[in-house]
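Subject: Structure for you to look at, with notes

Dear colleague,

I am handing over the structure below, and I would be glad if you could read it alongside the notes that come after it.

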Amino acid sequence: KGSDGIVQSVGLLVIDEVHLLNEDRGPVIEALVARTLRLVESSQQMIRIVGLSATLPNYVDVALFLRVNPQTGLYHFGAEYRPVPLKQTFLGVTKRLEKPREGAKPKEGRPAKAVSQQTQMLELAFDKALAALRRGKQVMVFVHARNETLRTARGLLELAKARQAEELFAPKPDHPRYALAQREVARCRNGELRTLCNGGLGVHHAGMLRPERSMMERLFADGMINVLCSTAT
């Protein structure tokens, strides 16, 4: 009650990441919107509500929840607004049995091991990254959690070594910034990051130390990291 004066002075409510309505914070956002709309009705005071999201497929439903006029107040920026066209490909990952290595004989009486979906997704990511690197492009691999960035980068590096594709991932020694980048990586206190960077891979997420995150950004921008494993934010 003591904050009623502050609430009544609000003229604009901006809700960033409004797609969080579908997650744990959803009830909090619903309560804020409900109380704001109730205040508008009771006081006849104009309060503008703006919802923002980059990942919201049912934006029309959310607009109606916010009492937005779909004809005049709903703005949807689709793929046609991108300066570079985005191509999407969906790959189905199901359980499969492990194939024996070339020249190896399957052991009698022992069933073949099932390959986990995580392993298959890593192999698919490696194949896509390898194809892009062969075209002279850099690659960004997005994962859902911070700890997955390091695990994915480590797995890609191990696959590159196993399939003798290290040269495609590694930074090029003839790059004009190669020596400078090597010195910068050598000063990094994180030994695993140094190993990954020397192999041409990096990680990026909000939980990293700011100097390490800035280093990853510079190295990727300079082309000294060819594959960057990152969270979406």
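The notes below take up helix packing, then the cysteines, and then a single residue.

Please keep in mind that this is a predicted model.

Helix H5, which spans residues 146-162, takes part in both of the packing contacts described here, and I begin with its contact with helix H8, residues 191-198. The axes of H5 and H8 come within 10 Å and cross at roughly 45°, which makes H5 oblique to H8, and the crossing in which H5 passes H8 is left-handed. On the H5 side the contact is made by Leu 150, Ala 153, Arg 154 and Leu 157, which meet Glu 192, Thr 195 and Leu 196 of H8. Sorted by character, the residues of this contact between H5 and H8 comprise 4 nonpolar, 1 polar and 2 charged.

The other contact of H5 is with helix H4, residues 117-134, where the two axes come within 10 Å and cross at roughly 65°. H4 and H5 are therefore roughly perpendicular to each other, and H4 passes H5 in a right-handed crossing. Here Gln 118, Leu 122, Glu 123, Ala 125 and Phe 126 of H4 meet Arg 151, Thr 152, Gly 155, Leu 156, Leu 159 and Ala 160 of H5, and the residues of the contact between H4 and H5 divide into 6 nonpolar, 3 polar and 2 charged.

Turning to the cysteines, a search of the whole structure finds 0 disulfides. Cys 188 is in no disulfide, and the nearest cysteine sulfur to its own, that of Cys 197, is 6.7 Å away, whereas a disulfide would need the two sulfur atoms to be within 2.5 Å. Cys 188 is buried, with a relative accessible area of 8%. Cys 197 is likewise in no disulfide, its nearest cysteine sulfur being that of Cys 188, and at 3% relative accessibility Cys 197 also counts as buried.

Finally, how accessible is Asn 198, and which residues does Asn 198 contact beyond its neighbours within four places in sequence? Asn 198 lies in helix H8 and is partly exposed, with a relative accessible area of 41%. Leaving aside those sequence neighbours, Asn 198 is in contact with Ala 170, Pro 171, Gln 182 and Val 185. From Asn 198 to Ala 186 the separation is 12 residues in sequence and 9.4 Å in space, C-alpha to C-alpha.

With best regards

Key: Residues numbered from 1 in each chain as written. Predicted model: local features only at pLDDT ≥ 70, side-chain atom pairs only at ≥ 80, totals over all residues. Heavy atoms only, no water. Axes fitted to C-alpha atoms, helices over the stretch in contact; angles between N-to-C directions. Helix = DSSP H or I, 4+ residues; strand = E, 2+ residues; numbered from the N terminus. Parallel < 35°, antiparallel > 145°, perpendicular 65-115°, else oblique. Left-handed = near helix turned anticlockwise from the far one by under 90°. Contact = heavy atoms within 4.5 Å. Nonpolar A, V, L, I, M, F, W, Y, C, P; charged D, E, K, R; others polar. Buried < 20%, exposed > 50% of the residue type's maximum accessible area, 1.4 Å probe, protein only.
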